[in-house]
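Hi everyone, thanks for making the time. I'd like to walk you through one model today, so let's put it up on the screen.

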Amino acid sequence: MVVRLADSARSGLLTRLPDTGIAAYSMVFPVVQVGVVIAEANGGFGRGGWALAATAAYTPLYLRHIWYFVRGRRPPAAGWTVAAVAIIVAAAVPLVGQGWLPSFFAVAVCLLAVLPWRWSLPGVAALALAQAPLALAFPLANPAAIRGAPYYYAVTLLWRTSAVFVPVWLVAVVRQLDAARSDLARDAVLRERLAVDARLRATLGVALASISARAEMSASLAGTDPGSAARGLAALVEISRGSLADTRQLLSGLRQPALRAELETAAGLLTAAGIATRLVLPAADPAGGVSPELRSGLRSATARLLRDGSARTCVITLSSAGGRAQLGIEVDGRALAAPDEVAS
């Protein structure tokens, strides 16, 4: 694993954050806004009742958009449901008054959660610009209260939107990254199993087929040509010994993953983290051995890049010099570390 235990623990906390916790956090501002409207009405529950009814009407759709967004999916009929939230919030403005304007943040959050950035950001900007005309058009619930400055509602919309959307977006990103890491780990295991299967077929499969054929031949000649049967049995013993040696060598190589598999896994993790990664590998594995320091250098370099988060491109080069494998890593066109740190 190339991620530190502390980083993994923080990631795990976000991925295990229950949906009820996300929903409770997202509902803080809607609940607070109903209380503010009731307080501004000086005990009158007419406007407060309309605010409560409108909140109860739009929050199921609002939470539905957040639920899908955290899972990296787009809800069915997303355009219609976002429009429904906008209509409900806008329709309540004449009934509740100026104190209801901060509730437009829910429309902004839904836009950001559902639409692409090229559409959602202009939509949020339009909502912010509309706050001043709406504040001038509709009075506060309490006529004796000081009229709110028009720009106050635009600022309120922006900071409420960011206060809700940014944490939810971070949870969604961490969950998607965690899912990508799991998929990459499963893919690496599958690739290794396929490679092991191919090696077993190429070595043990051929050897066992030869052993079986020679054993049948020797058995058939045992009664008619003992000399040929003895020679066949001797060849059978040699083949068995060679197969045993090949099996031991194969099992010794399986004790640690192939370097190519580790390189592909590291490249996949960096790509999932948004770093465009390219592998430059030789046609065949290096003839020399692979030192533990090289594998450790690869893992530490990958962890460093994942922690840093500022890299944009990465090139990982595997070569051979002096009968030993060497590893070179370039980040944004510059060597990541000195050769003695990542190569052997």
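**A walk from the sheet to the helices**

Let's start with strands E3 and E4, which run antiparallel and are joined by two bridges. One of the pairs to look for is Glu330 with its bridge partner in E4, Ala335. The hairpin of these two strands has two residues between them, and there Asp332 takes a positive phi near 55 degrees. Please keep in mind that this is a predicted model.

Now zoom out to the whole sheet. It is open, has four strands in the order E1-E2-E3-E4, and its pairing is mixed. Why is one side of E1 and of E4 left without a neighbour in the sheet? Strand E1, residues 276-280, and strand E4, residues 334-335, stand at the edges, and each has a single partner strand, so there is nothing in the sheet on the other side.

In between, strand E2, residues 313-321, runs antiparallel to strand E3, residues 324-331, and eight bridges join them. If you want to find the register on your own screen, Ser320 stands opposite Ala325 in E3, and Ser319 stands opposite Gln326.

Two helices pack on this sheet. Helix H10, residues 259-272, touches E1, E2 and E3, and its direction makes about 160 degrees with that of E1. Helix H11, residues 292-308, touches E2 and E3, with its direction at about 10 degrees to that of E3.

Which residues of E3 are on its covered face? They are Ala325, Leu327, Ile329 and Val331, while Arg324, Gln326, Gly328 and Glu330 make up the uncovered face. As a reminder for anyone who thinks less about strands, side chains in a regular strand alternate between the two faces of the sheet.

Let's move to helix H3, residues 28-40. At 1.5 Å a residue, its 13 residues should span 18 Å, and the end C-alpha atoms are 18 Å apart, so the two agree. The buried residues here are Phe29, Pro30, Gln33, Val34 and Val37. Looking down the axis of H3, you'd see those buried residues fall within an arc of 140 degrees, so they line one face of the helix. The general rule behind such patterns is that an α-helix has 3.6 residues a turn, so residues three or four places apart point the same way. Turned away from the buried side of H3 is a face carrying the exposed residues Val31 and Ala39.

One more stop: Ala128, in helix H7, residues 117-137. Is Ala128 buried or exposed? Its relative accessible area is 12%, which means that it is buried, as the cut-off is under 20%. Beyond its neighbours within four places in sequence, Ala128 is in contact with Ala154, Leu157 and Leu158. Leu157 is 29 residues away along the chain, yet its C-alpha atom is 6.5 Å from that of Ala128.

Finally, a word on confidence. The protein averages a pLDDT of 77, and 74% of the residues score at least 70. Among the elements, helix H6, residues 105-114, has the highest mean pLDDT, 94, and helix H12, residues 339-342, the lowest, 40. Over residues 338-344 the pLDDT is below 50, and that stretch has 13 contacts in the model beyond near neighbours in sequence. Residues 1-15 also stay under 50, with 20 contacts beyond four places in sequence.

Note on methods: Residues are numbered from 1 along each chain as its sequence is written. This is a predicted model: local features need pLDDT of at least 70, side-chain atom pairs count only at pLDDT 80 or more; totals for chains, interfaces and linings use all residues. Side-chain values use heavy atoms; hydrogens and water are left out. Two strands pair if DSSP finds at least two bridges between them. Contact means heavy atoms within 4.5 Å. Axes are lines fitted to C-alpha atoms, for helices over the stretch in contact, and angles run from 0 to 180 degrees between N-to-C directions. The expected span of a helix is 1.5 Å times one less than its number of residues. Buried means under 20% relative accessible area, exposed over 50%, partly exposed in between (1.4 Å probe, protein chains only). The arc is that of the directions from the helix axis to the C-beta atoms. pLDDT is the predictor's confidence in each residue, from 0 to 100.
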